[in-house]
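Ready for some practice in reading a protein structure? Keep the sequence and the 3D view side by side as you work.

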Amino acid sequence: MKFICQNCGEVDHVLMDGYDVGDRLLEGVMFKITVKKEKFQETLTAHVQDQDKSYFTDNHISIKKWEKEMTEDAKLSMDEDGCCMMYCPKCNDNQVIDITE
Ligand SMILES: [Zn+2]
C-alpha cells in the first residue's frame, strides 16, 4: 500500500507535524507516517525520522511515547476527512492524500 499525493502520485510515506500532539515541544518535528495492510484494512504507523532522534534523546523526550501518540492521531485524521494534516514529502503540500489498494 502507498499514499497518493494529488500532485506527485504515489509516495511511500507522508509527514505529520509533531505540533498536533506535542504542542510546542514537538513543533516543526515531522513524523514519518507509513501505511501497511493488516487484516484487510490499512494501518498507519508514525516514526521519528533519523535526523530528529538526537532532539528526543538530548532532551530526554520519549520517542516511543510520541510515536504512539502520533500513530493514534494519524489514524484519527484518516478516519475523519482524508488526512488533510498530512504533508507530501516531495512537494510539501497538504492536499488530500489518499491510500492505494
Ligand atoms: Zn506531492
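The exercises below go from the whole chain to single residues. This is a predicted model, in which local features need pLDDT of at least 70 and side-chain atom pairs count only at pLDDT 80 or more, while totals for chains, interfaces and linings use all residues. Residues are numbered from 1 along each chain as its sequence is written.

**Exercise 1. Describe the overall fold and dimensions.**

Step 1: Start with the elements. The protein has 3 helices and 6 strands; helices (H or I, at least four residues) and strands (E, at least two) are DSSP runs, numbered from the N terminus. Along the sequence they follow the pattern β-β-β-α-β-β-α-α-β.

Step 2: Turn to the dimensions. The C-alpha trace spans about 40 × 30 × 25 Å along its principal axes. For 101 residues, a compact globule would have a radius of gyration near 13 Å, and the protein agrees, with 13 Å. That radius is taken over C-alpha atoms, and the globule rule is 2.2 Å times the number of residues to the power 0.38.

**Exercise 2. Work out the strand order of the sheet and find its edges.**

Step 1: Recall that strands of a sheet pair through backbone hydrogen bonds, either parallel or antiparallel. Here, two strands pair if DSSP finds at least two bridges between them.

Step 2: Trace the order. The open sheet of 3 strands runs β3-β4-β5, with antiparallel pairing. Because β3 (14-17) and β5 (41-48) each have a single partner strand, they stand at the edges, and one side of each is left without a neighbour in the sheet. Neighbouring strands are turned by 40 degrees against each other on average, direction ignored (axes are lines fitted to C-alpha atoms, for helices over the stretch in contact, and angles run from 0 to 180 degrees between N-to-C directions).

Step 3: Look at one pair. β4 (residues 30-38) joins β5 in the antiparallel sense over 8 bridges. In β5, E42 is the residue opposite K37.

**Exercise 3. Find the largest nonpolar core and follow one of its residues.**

Step 1: Learn the terms. A residue is buried if 20 or more other C-beta atoms lie within 10 Å of its own, exposed if 12 or fewer, and partly exposed in between, with C-beta atoms placed from the backbone. A nonpolar core is a set of buried Ala, Val, Leu, Ile, Met, Phe, Trp, Tyr and Cys residues joined through C-beta atoms within 7 Å.

Step 2: Locate the core. The largest has 20 residues, and those with the most contacts inside it are V14, M16, F31, I33, M70 and M86. The elements giving two or more residues to this core are β1 (3-5), β3, β4, β5 and α3 (63-81).

Step 3: Follow M16. Leaving aside neighbours within four places in sequence, the contacts of M16 include F31, I33, M70 and M86; a contact means C-beta atoms, placed from the backbone, within 7 Å.

**Exercise 4. Which residues other than glycine, D23 and N92 among them, have a positive phi?**

Step 1: Know the background. Most residues other than glycine have a negative phi.

Step 2: Check D23. Phi of D23 is near 55 degrees, a positive value. D23 lies in the loop between α1 (19-22) and β4, and is exposed, with 9 other C-beta atoms within 10 Å.

Step 3: Check N92. Phi of N92 is near 65 degrees, also positive. N92 sits in the loop between α3 and β6 (98-99), and is exposed, with 11 other C-beta atoms within 10 Å.

Key. Two residues are in contact if their C-beta atoms, placed from the backbone, lie within 7 Å.
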